[in-house]
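Please open the structure in your viewer and keep the selection panel at hand. The tour below goes from one selection to the next and says what is there at each stop.

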Amino acid sequence: MLLFAGRIGALLAALPLLYLLAAVVGGLIPANAGWEQPRNGITIFVETNGVHTWIVMPAVRREMNWLRLAPASDIEEPRHAGDHVAIGYGNRDFYLNTPAWKDLTVRRALGAAFGNGPSLLHVYHERDPAPSPHRRPLILSPAQYR
């Protein structure tokens with residue numbers, strides 16, 4: 001029985017390491033290796049706060065009017081509506097209760113990693129986003145944007 005408990009304990013200790021190894025190996029496999037960013041097109045941004053990730057897009061373009069889905073009237077302070085809309089997707093509990101790494105719990109992390117519980121879209125408006133270490137621009141052709 002003691003040997004069995006030891007093996008279970010070793011397996012549980014190895015799970016985070018196996019997850020990290022899978023993330024590293026997965027990150028080394030190239031995806032879309034031949035893709036080249038167009039010189040002209042629609043600039044979107046990929047933004048992170050270190051915990052969550054959003055795609056920041058122009059609020060209104062001929063290809064898509066995001067204000068039909070996320071109108072300024074739906075935000076707490078409509079006067080702060082911007083010319084861009086940021087959309088993130090994820091586990092509801094994780095989004096609402098993990099604004100910073102210090103708020104992360106093992107239960108919340110496992111729930112988000114394994115899809116436990118409802119998901120949500122976190123949508124907000126932003127005015128004149130600019131590139132930064134936490135917000136990277138990406139140019140898409142109109143077809144790619146659609």
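## A walk through the sheet

Begin by selecting S2 and S3, two strands that run antiparallel and are joined by four bridges; as you look, keep in mind that this is a predicted model. Within this pairing, pick Ile55, whose bridge partner in S3 is Ile87. Now add S1, which runs antiparallel to S2 and is likewise joined to S2 by four bridges. On this side Ile55 appears again, as the S2 bridge partner of Val46.

Follow the chain from S1 into S2, and you pass through a hairpin with four residues between the two strands, where Gly50 in the turn has a positive phi of about 95°.

Next, widen the selection to the whole sheet, which is open and made of five strands in the order S4-S3-S2-S1-S5, with antiparallel pairing. S4 and strand S5 (135-140) stand at the edges and have a single partner strand each, so one side of each is left without a neighbour in the sheet. On average, and with direction ignored, neighbouring strands of this sheet are turned by 25° against each other.

## Glu47 and its surroundings

Return to strand S1 and select Glu47, which lies in this strand. Is Glu47 buried or exposed? With a relative accessible area of 11%, Glu47 counts as buried, because the cut-off for a buried residue is under 20%. The bridge partner of Glu47 in S2 is Trp54. Show the side chains, and you will find that Glu47 makes a polar contact of 2.6 Å with the side chain of Tyr124, while another polar contact, of 2.8 Å, links the side chain of Glu47 to that of Arg135. If neighbours within four places in sequence are left aside, the residues in contact with Glu47 include His52, Thr53, Val56, Glu126 and His134.

## The aromatic cluster

From Glu47, move across to its bridge partner Trp54, and add Tyr95 and Tyr124, since ring pairs link Trp54, Tyr95 and Tyr124 into a cluster. The count comes to two aromatic pairs. In one of them, the rings of Trp54 and Tyr95 have their centres 6.4 Å apart and their planes at 55°, so this pair is tilted. The pair links distant parts of the chain, as Trp54 is in strand S2 (residues 53-58) and Tyr95 is in helix H2 (residues 92-97), 41 residues apart. Trp54 is buried, with a relative accessible area of 6%, and Tyr95 is buried too, at 10%.

How far apart are the ring centres of Trp54 and Tyr124? They lie 5.8 Å apart, and the planes stand at 80°, so the pair is edge-to-face. This pair also links distant parts of the chain, with Trp54 in strand S2 and Tyr124 in strand S4 (residues 119-126), 70 residues apart. Like Trp54, Tyr124 is buried.

## The nonpolar cores

For the last stop, select Ile42, Ile44, Met57, Ala59, Trp66, Ala70, Val85, Ile87, Leu140 and Tyr145, the 10 residues that make up the largest nonpolar core. Strand S1 (42-48) and strand S3 (84-91) are the elements that give two or more residues to this core. Centre the view on Ile44, and its contacts beyond four places in sequence include Met57, Pro58, Arg136, Leu140 and Tyr145. Finally, a second, separate core has seven residues, among them Phe45, Val56, Ala86 and Leu120.

Technical notes
Residues are numbered from 1 along each chain as its sequence is written. Side-chain values use heavy atoms; hydrogens and water are left out. A nonpolar core is a set of buried Ala, Val, Leu, Ile, Met, Phe, Trp, Tyr and Cys residues joined through side-chain atoms within 4.5 Å. Buried means under 20% relative accessible area, exposed over 50%, partly exposed in between (1.4 Å probe, protein chains only). Contact means heavy atoms within 4.5 Å. Rings of Phe, Tyr and Trp (its six-membered ring) pair if their centres lie within 6.5 Å; planes under 30 degrees apart count as stacked, over 60 as edge-to-face and the rest as tilted. Two strands pair if DSSP finds at least two bridges between them. Axes are lines fitted to C-alpha atoms, for helices over the stretch in contact, and angles run from 0 to 180 degrees between N-to-C directions. A polar contact is a pair of N or O atoms within 3.5 Å; within protein, one must be able to donate a hydrogen and the other to accept it, and residues adjacent in sequence count only if both atoms are side-chain atoms.
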